[in-house]
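Got the viewer open? Let's take a walk through this one, stop by stop, with something to select at each.

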Amino acid sequence: MNRPTPADLAAASGKTIPDVLPPPGQPFRVLFCGINPGLYSAATGWHFARPGNRFWPALHQSGFTPRQLLPSEQELLAGYGLGITNVAARATAQAAELAKDELIEGGRRLAGLVADRRPAFVAIAGVTAYRTAFGRPKAQVGPQDETLAGARLWILPNPSGLNAHWSAPRIAAEFRALRLRSADAQA
């Protein structure tokens, strides 16, 4: 697919994209959860699709996948026991456009999805969104003491290229720590 045009991006505002989940009954190690789809992702239908987003490189560099997948290959994640969803479903140009109520409602929806599909871990990529959605103002990146609908909870840094506070190697290191812990949990 060609890069979305400015008109494609404008038309993507407010759209949603489907979750990527292993089939029911299949192993489900980690559900990765973005804040919400960006316009580029909504225009393509692929999670973390914008060039410069560090999700796919971090996923590979951490050892979750044997090679770096393209966003267009997101369906392959199910074979690794991985899935992707978002806290808020509505696509925006920036996550800051989301209302607090949208994040809180998204947190409720996420808890329901987790209760239904039972991943071992939920990894939310964005500490600020997590703090708002779940009323945890002091949460930090890393493993959390609480669980979400029975799943262990891990907060990852937002992999967006706009998140200058986190370098690509540091993001990959956080993904690696999660991979090691999720592998230990299955052993």
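Which residue is the bridge partner of V122 in β5? Select V122 and L153 together: L153 is the partner. Before we move on, a word on what you're looking at: this is a predicted model, where local features need pLDDT of at least 70 and side-chain atom pairs count only at pLDDT 80 or more, while totals for chains, interfaces and linings use all residues. Residues are numbered from 1 along each chain as its sequence is written, and side-chain values use heavy atoms, with hydrogens and water left out.

**Stop one: strand β5**

Select residues 151-156, which make up strand β5. Helices (H or I, at least four residues) and strands (E, at least two) are DSSP runs, numbered from the N terminus. Of the 6 residues in β5, 5 are buried, where buried means under 20% relative accessible area, exposed means over 50%, and partly exposed is in between (1.4 Å probe, protein chains only).

Now add strand β3, residues 121-125. β3 and β5 run in the parallel sense, paired over 5 bridges; strands count as paired if DSSP finds at least two bridges between them. Next, add β4, residues 142-148. This strand pairs with β5 too, in the antiparallel sense and over 4 bridges. To see one such spot, pick L148 and its bridge partner in β5, A151.

The hairpin of β4 and β5 has 2 residues between the strands. Click on A149, in that loop: it has a positive phi of about 50 degrees although it is not a glycine. A149 is partly exposed, with a relative accessible area of 33%.

**Stop two: helix α5**

Select residues 127-134 for helix α5. Colour V127, A129, Y130, A133 and F134, which are buried. Looking down the axis of α5, you'll find these buried residues within an arc of 155 degrees, so they line one face of the helix. (The arc is that of the directions from the helix axis to the C-beta atoms.) What do the buried residues of α5 pack against? Show α4 (100-117), β3, β4 and β5, and you have the answer; contact here means heavy atoms within 4.5 Å. Just after α5 comes G135, with a positive phi near 65 degrees.

**Stop three: charges on and around α4**

Go to R117, in helix α4. R117 is buried yet has no salt bridge, a salt bridge being a side-chain nitrogen of Lys or Arg within 4 Å of a carboxyl oxygen of Asp or Glu. The nearest side chain of opposite charge is that of D116, 4.7 Å away; Lys and Arg count as positive and Asp and Glu as negative, while His and the chain ends are not counted. Leaving aside residues up to four places away in sequence, R117 touches L21, P22, P23, P24 and F28.

How many salt bridges does the structure hold? There are 5. For one of them, select R90 and E102, whose closest N and O atoms are 2.7 Å apart. This pair links distant parts of the chain: R90 is in the loop between β2 (82-86) and α4, and E102 is in helix α4, 12 residues apart. R90 is partly exposed at 29% relative accessible area, and E102 is partly exposed at 25%.

Then try R108 and E105, which meet in a salt bridge at 3.0 Å, N to O. Being 3 residues apart in α4, R108 and E105 are separated by about one helical turn. R108 counts as exposed, at 54%, whereas E105 is partly exposed, at 44%.

**Stop four: S41 and F48**

Last, jump to S41 in helix α2, residues 39-44. Is S41 buried or exposed? S41 is buried, with a relative accessible area of 7%. Its contacts, not counting residues up to four places away in sequence, are I17, W46, H47, F48 and A49.

Zoom in on F48: the side chain of S41 reaches the backbone nitrogen of F48 at 3.3 Å. F48 sits in the loop between α2 and α3 (55-61) and counts as buried at 13% relative accessibility. Check its backbone too: F48 has a positive phi of about 50 degrees although it is not a glycine.

Methods: A polar contact is a pair of N or O atoms within 3.5 Å; within protein, one must be able to donate a hydrogen and the other to accept it, and residues adjacent in sequence count only if both atoms are side-chain atoms. The arc is that of the directions from the helix axis to the C-beta atoms.
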